[in-house]
Amino acid sequence: MRKQLERLGLAVSERPVRDLWPAGLMRVRAGAAPAPVTVVRPATYEQVCELLRWANRTGTVVVPVGGGSGVVGAIAPEPGQVALDLGGLDRVLAIDEEDLIVHAQAGVLGLDLERALNERGLSLGHHPSSLPVATVGGLVATRSSGQESSRNGSIEDLLLGVTVALPDGSLALPRPGPRSAVGPALHQLLAGSEGGLGVVLDAVLRVHRRPAATVGRGWTFPDVGSGLSAVRAIAQSGLRPLVMRLYDPEDSLFQGIEAGGCLLVLATAGEPEVADAEARVAAGLCAAGADLGPAPWERWLRHRYDLSADRLRDLLEPPGAFVDTIEVAATWSRLPAVYADVKAALSAGSGLALCHFSHAYPQGCCAYFTFAGSAPDEAAAQAAHEACWSAAMNACLAHGATISHHHGVGQARAAWARSELGGWWPVWEAVRRALDPAGIMNPNAVGGHP
């Protein structure tokens with residue numbers, strides 16, 4: 001295989017390739033280290049197309065890889081498959097300050113792109129905690145959402161177009177304009193496809209002018225219910241907060257809040273008059289809480305990227321330990337029951353369960369759970385981890401909540417993806433078969449191959 005790939009002009013190496021799925025890291029800790037696989041690093045789009053044409057001829061599976069910061073096991077190539085490292089496609093192709101558009105290749109790191117935009121007074125406004133290590137292609141492929149989504153939207157809202165290498169080795173280029181009614185927005189199929197429909201080579205994204213002013217504060221509420229009522233009121237008021245995150249009592253302790261309180265961190269942004277006016281309106285909607293001033297916002301801002309890959313590995317280093325995150329979403333009417341049942345299941349199965357609410361919409365909100373525990377041996381730790389996931393996913397499906405808000409499906413949620421998609425599962429299968437009849441693209445994408 002290596003000689004064939006080198007004849008295509010590709011840089012080829014051999015190494016293990018995995019994302020940061022905690023279950024995978026736990027298996028490595030238990031002694032099941034992943035085997036090295038063939039890794040190719042293209043320098044041009046044509047090399048990617050040549051690789052896919054070769055993969056069709058030989059029946060070889062290709063798994064696109066970005067920064068490797070995913071946490072659901074979508075990136076797990078096996079021996080005999082090819083890991084397509086897109087890190088060599090790392091150029092910002094154009095920044096258009098008049099049209100507020102950026103065109104960036106798939107391998108550009110999110111934080112590098114943000115800094116390049118900041119130098120021109122612009123911002124993508126997309127800040128997942130993985131931004132320092134996540135790539136543009138990865139953000140698209142996982143249907144990412146960032147900490148400022150309440151104001152700027154998620155990646156699909158920013159996505160104007162993509163260049164994609166389709167599984168047959170042909171290219172589809174971005175279409176023109178800020179919006180088009182010439183058929184459906186087919187490029188949106190790539191948002192959340194996890195490398196199952198083709199290879200994202202670059203993306204055309206909306207950008208924003210950096211706000212002239214930001215006003216951030218914190219409040220404490222006596223319980224989750226009163227805090228959620230304030231968050232819902234703000235989300236439904238027409239305000240567009242830059243950041244709005246509510247922490248439950250256990251998670252608030254980690255934010256430095258005394259036992260029993262629920263911390264809300266809220267920031268508004270824009271021209272100074274607008275930011276101040278929105279902050280005043282938001283404060284009025286937080287009347288049930290106690291105003292803590294700007295300190296909680298400033299603390300949160302300093303630590304917004306602290307959950308790094310190294311930190312996750314550190315937490316999983318002790319034998320028998322398990323730690324993970326599960327982000328789900330529900331409408332406001334269903335959210336309290338979803339929170340209560342998932343929290344109870346994770347608390348019973350792990351011993352430590354935290355939750356914060358973010359990514360608020362007029363219709364509902366994301367609930368982001370963190371759970372951790374330990375077991376006497378590796379087999380027991382893996383069983384406890386799997387049981388937590390199963391209980392959480394089943395609770396979400398029982399309440400009509402989505403089982404993933406922004407981390408994707410991968411292996412972690414594969415067993416429940418078909419249940420959520422329901423009648424849309426055959427549609428997904430049909431699209432995948434039509435674009436990839438040879439089945440060469442990532443086998444762990446969105447529920448796996450049928």
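Let me start with how the chain is knitted together. Among contacts between residues at least 6 apart in sequence, 71% join residues at least 24 apart. One caution before we go on: this is a predicted model.

Now the overall picture. The protein chain has 16 helices and 18 strands. Its radius of gyration is 22 Å, close to the 22 Å that the globule rule gives for 450 residues, so the chain is as compact as a globular protein of that length. Along the principal axes, the C-alpha atoms fill a box of roughly 65 × 60 × 40 Å. Of the 450 residues, 53% count as buried.

Two sheets to walk through. I'll take the one with 7 strands to begin with.

This sheet is open, and its pairing is antiparallel. The order reads E15-E12-E14-E13-E17-E18-E16. At the edges sit E15, residues 290-293, and E16, residues 321-331. Each of those pairs on one side only. On average, neighbouring strands are turned by 20° against each other, direction ignored.

What holds such strands side by side? Strands of a sheet pair through backbone hydrogen bonds, either parallel or antiparallel.

Look at E12 and E14. E12 covers residues 213-221 and E14 covers 262-270. They pair in the antiparallel sense over 9 bridges. To find the register, go to threonine 214: it stands opposite alanine 269 in E14.

Next, E17. How many of its 7 residues are buried? The count is 6, so E17 is largely enclosed by the rest of the structure. With E13, it pairs in the antiparallel sense over 2 bridges. Leucine 246 has phenylalanine 357 in E17 as its bridge partner. With E18, residues 364-374, E17 makes an antiparallel pair over 7 bridges. There, leucine 352 stands opposite alanine 372 in E18.

E17 and E18 form a hairpin, with 5 residues between the strands. Check histidine 359 in that hairpin. Its phi is positive, near 55°.

One residue of E17 to click on: serine 358. Buried or exposed? Serine 358 is buried, with a relative accessible area of 2%. Which residues does it contact, leaving aside neighbours within four places in sequence? They are Met244, Arg245, Cys365 and Cys366.

Helices lie across this sheet too. H8, residues 224-235, crosses E12, E13, E14 and E17. H8 runs at about 165° to E13, which spans 243-247. H11, residues 295-302, lies across E12, E13, E14 and E15. H11 runs at about 80° to E14.

On to the other sheet. This one is open as well, with 5 strands and antiparallel pairing. The order is E5-E6-E10-E8-E9. E5, residues 92-96, and E9, residues 171-172, stand at the edges with a single partner strand each, so one side of each is left without a neighbour in the sheet.

Inside it, E8 and E10 run antiparallel, joined by 6 bridges. E8 is residues 159-165 and E10 is 199-206. Valine 164 faces valine 200 in E10. H3, residues 45-58, packs on this sheet. H3 touches E5, E6, E8, E9 and E10. Its direction makes about 140° with that of E10.

Last topic, helix packing. Two packed helices are described by the angle between their axes and the distance between the axes. Take H2, residues 22-29, and H14, residues 378-398. Their angle is about 175°, and the axes are 10 Å apart. H2 and H14 are therefore roughly antiparallel to each other.

Who meets whom? From H2 come Pro22, Ala23, Met26, Arg27 and Arg29. From H14 come Glu378, Ala381, Gln382, His385 and Glu386. By class, that contact has 4 nonpolar, 2 polar and 4 charged residues.

Stay in H14 for tryptophan 389. At 4% relative accessibility, tryptophan 389 counts as buried. What does it touch, not counting residues up to four places away in sequence? Asp324, Thr325, Ile326, Phe371, Ala412, Arg413 and Trp416. For a long span in sequence, pair tryptophan 389 with isoleucine 75: they are 314 residues apart along the chain, and their C-alpha atoms are separated by 19 Å.

That's the tour. Over to you.

Methods. Residues are numbered from 1 along each chain as its sequence is written. This is a predicted model: local features need pLDDT of at least 70, side-chain atom pairs count only at pLDDT 80 or more; totals for chains, interfaces and linings use all residues. Side-chain values use heavy atoms; hydrogens and water are left out. Axes are lines fitted to C-alpha atoms, for helices over the stretch in contact, and angles run from 0 to 180 degrees between N-to-C directions. Helices (H or I, at least four residues) and strands (E, at least two) are DSSP runs, numbered from the N terminus. Angles under 35 degrees count as roughly parallel, over 145 as roughly antiparallel, 65 to 115 as roughly perpendicular and the rest as oblique. Contact means heavy atoms within 4.5 Å. Ala, Val, Leu, Ile, Met, Phe, Trp, Tyr, Cys and Pro count as nonpolar, Asp, Glu, Lys and Arg as charged, and the others, Gly among them, as polar. Two strands pair if DSSP finds at least two bridges between them. The radius of gyration is taken over C-alpha atoms; the globule rule is 2.2 Å times the number of residues to the power 0.38. Buried means under 20% relative accessible area, exposed over 50%, partly exposed in between (1.4 Å probe, protein chains only).
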